[in-house]
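Hi everyone, thanks for making time this morning. Let me put the structure up on the screen, and then I'll talk you through it.

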Amino acid sequence: MRMMVLVSAMSCTCPVFADLVADLATDVLPSLQSGWAYFPYGCNAGVPETSVYFPGPEFMVMDTMGIRPQSCQAANRLEYRIDPVLIERGTYRAETRARVTDSEFFVYQYGFSFGGYLDDKVVSIGLMTDTLSLPDLSMMPWDATGWHDYAIVYQLPGYEFELWIDGQFFLTGPARDIDPYPNTFIIGDSTGGANARVEIASYHAELVLACNAADLVPPFNLLDLADINAFVTGFVSLDPIADLNADGLFDLLDVNIFVGSFLAGCP
Ligand SMILES: [Ca+2]
Ligand SMILES: [Ca+2]
Ligand SMILES: [Ca+2]
């Protein structure tokens, strides 16, 4: 009977929503744009933003060719810090339209990179003219010299990331653990040993967080049958996901929290 009530409450035509949105305009120096900071570090510290990023009406050029082409850890990266947003559960999505017109590398082929540092995981990809690098540092041949739309989708906490190219699902794989790092959207040059010249025509990233205690699984900010199934399955298998008051017990208190939150709906 309770499940009937829950299912009947599912007809939510929720608007498109994101808790946090970051865009990067192509025609303004990034550090002049809200939320964005130019972040040169390691042996690239001191390299000025205006020598790497060149705004334009159709695309922004990033050019790190010839900058410290040795294998020291360094970056000329753009970062959009999203701490202190607490990411308990949510969906991260980042999209860019870009082409890599030149590149050189020493070890890690992240001459051009975009993605995120989220919940102490790396979910960024790296692009060179002829190579695609994945978050686990594996590489594959890829012709990045033509215009492509790249999209990364990652569910927190701890799902595998998805890479979409030109609107088509391309692959999925594991994120990589890193030392604690602020939650950050990134785009730019992520290594000292690899450099690139890239034209960036667009960039958009967003984070959609779970709306309440019943919003357990994707799609977030939406309460539907997937959340009900996740709670029921978690409850009967004693999975912490269903211990909604985090007291180590699986009892009526958790059921009441779930039902109350589900019926309350996303705001
Ligand atoms: Ca570099
Ligand atoms: Ca959900
Ligand atoms: Ca409990």
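So, of the contacts in this protein with a separation of 6 or more, 70% are between residues 24 or more positions apart. Please keep in mind that this is a predicted model. The secondary structure consists of 17 strands and three helices. As for burial, 39% of the 267 residues count as buried.

Now let's zoom out. Along the principal axes, the C-alpha atoms fill a box of roughly 65 × 35 × 30 Å. There are two parts to look at here: domain 1 is made of 2–14 + 221–264, and domain 2 covers 20–209. Their centres, taken over C-alpha atoms, are separated by 36 Å.

I'd like to spend the rest of my time on one helix, H2, which runs over residues 225–236. From first C-alpha to last, its 12 residues reach 17 Å, close to the 16 Å expected at 1.5 Å a residue. Which residues of H2 are buried? They are Asp227, Ile228, Phe231 and Gly234. These four sit on the same side of H2, because they cover an arc of only 140° around the axis. The general background is friendly to that: an α-helix has 3.6 residues a turn, so residues three or four places apart point the same way.

And the other face? Turned away from the buried side of H2, you'll find the exposed residues Leu225, Asn229 and Val236. One last stop, just past the helix: H2 is followed by Leu238, which has a positive phi, near 55°.

That's my tour, and I'm happy to take questions.

Conventions: Residues are numbered from 1 along each chain as its sequence is written. Chains are lettered from A and ligands numbered from 1 in the order in which they are written. This is a predicted model: local features need pLDDT of at least 70, side-chain atom pairs count only at pLDDT 80 or more; totals for chains, interfaces and linings use all residues. Helices (H or I, at least four residues) and strands (E, at least two) are DSSP runs, numbered from the N terminus. A residue is buried if 20 or more other C-beta atoms lie within 10 Å of its own, exposed if 12 or fewer, and partly exposed in between; C-beta atoms are placed from the backbone. Two residues are in contact if their C-beta atoms, placed from the backbone, lie within 7 Å. Domain bounds come from an automatic or database domain assignment. The expected span of a helix is 1.5 Å times one less than its number of residues. The arc is that of the directions from the helix axis to the C-beta atoms.
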